[in-house]
Amino acid sequence: MTWALLAILGGFVLLVWSADRFVEGAAATARHAGMPSLLIGMVIVGFGTSAPEMVVSAMAALDGNPDLALGNALGSNIVNTGLILGVTALVAPIAVHSKIVRRELPLLFAIGLLSGALLWNGALDRPEALLLLVGFFGLIGWTIFTALRGRGDTLETESEQELSAHPMTLGKAIFWLVVGLVLLVVSSRILVWGAVTIAQALGVSDLIIGLTIVALGTSLPELAASVMAARKGEHDIAIGNVVGSNMFNLLAVVGIAGLIAPMPVLSPDVLIRDWPVMMALTAGLFVMAYGFRGEGRINRIEGTLLLIAFAAYNTWLVLTVVG
């Protein structure tokens, strides 16, 4: 039990640090290759902040823990929307200027509906997982197309500012890209072992562990990135990180895990509790941030509501375990 707790704590610290190194190395490498800053911000950084969820869920699937993999994906989206955007909006109200981010919001809601439809029969088989991955590559293609045509968007300006603030030589960038990726895999393996061991010792389901401890840990890179962006006034990066990560989680994280091993939905709570909560938060985000009569904005009151919803959901989970 003690070793499992140390594995979780150590795994979290190493996971967050390696994810940060991986993202900075990947972004700097892409910049040296001449990739536009907007494309780096939307694809490289967006993909990189979801790397912990991808690797952890892939490891869980390889170990035969489908509930942990699925709980990590759904739980990360709940953490991203409820906790991260809630905290970020309290730090500084989030104004959504970017047309690109506004176009991504309804797409995120549609992807959420697709994930629910595929899980509704109680399992995610390999053809369905492949469909999610096809959707993921389609999303990457659409993102590239949008980024290349999105010159002048406020997200481009903010991405350029962020990349200029972290210059690296090509050699250093490649070094941190490789080292960050290797340590991501190592830390994810440690974290999954610790989480499964704790779950078995306490008699708690892998799903609950995935929805809470693991989801929170793998979402820490998004929390750090969004809060720092909000403090710098880079509002579109703050919300763009979350929206992009949520889409990647549903398409790539679930898709990769389901392709590695068919994913039975062992607990009916996924469909009657967790997925509906995720969709309710996604709908709330859409209403707050889209800006039907102008620019969208998540103010401090709305941020507080997101935090209350997140706290209520986790209280529900705790009562489920205690009961």
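Helices here are DSSP runs of H or I with at least four residues, strands are runs of E with at least two, and both are numbered from the N terminus. This is a predicted model, where local features need pLDDT of at least 70, side-chain atom pairs count only at pLDDT 80 or more, and totals for chains, interfaces and linings use all residues. Residues are numbered from 1 along each chain as its sequence is written, and side-chain values use heavy atoms, with hydrogens and water left out.

**Exercise 1. Find the helix that holds Gly141, and work out how covered Gly141 is.**

Step one: look at residues 126-149, which form helix α6; Gly141 sits there.
Step two: recall the cut-offs, with buried under 20% relative accessible area, exposed over 50% and partly exposed in between (1.4 Å probe, protein chains only).
Step three: Gly141 has 38% relative accessibility, so it counts as partly exposed.
Step four: check a partner in space. Val43 is 98 residues away in sequence, yet the two C-alpha atoms are 9.7 Å apart.

**Exercise 2. Now do the job for Gly46: is it buried or exposed?**

Start with its place, helix α2 (residues 37-49). Gly46 comes out at 6% relative accessibility, and therefore counts as buried. Next, list its contacts (heavy atoms within 4.5 Å). Skipping neighbours within four places in sequence, Gly46 touches Gly41 and Phe248. Last, try a jump along the chain: Val243 is 197 residues from Gly46, with 9.0 Å between their C-alpha atoms.

**Exercise 3. Which residues touch the most other members of the largest nonpolar core?**

First, the term: a nonpolar core is a set of buried Ala, Val, Leu, Ile, Met, Phe, Trp, Tyr and Cys residues joined through side-chain atoms within 4.5 Å. The largest one has 91 residues, and Leu70, Leu85, Leu124, Ile239, Leu285 and Ile298 touch the most other members. Helix α11 (residues 235-260) gives the most to this core, with 13 residues. Then zoom in on Leu85: beyond four places in sequence, its contacts include Ile94, Ile239, Leu285 and Ile298. Apart from this core lies another of six residues, Val23 and Leu163 among them.

**Exercise 4. What radius of gyration does the chain have, and what would a compact globule give?**

The radius is taken over C-alpha atoms, and the globule rule is 2.2 Å times the number of residues to the power 0.38. For 323 residues, a compact globule would come near 20 Å; the chain has 18 Å, which agrees. To round things off, 56% of the 323 residues count as buried, and the chain has 13 helices and four strands.
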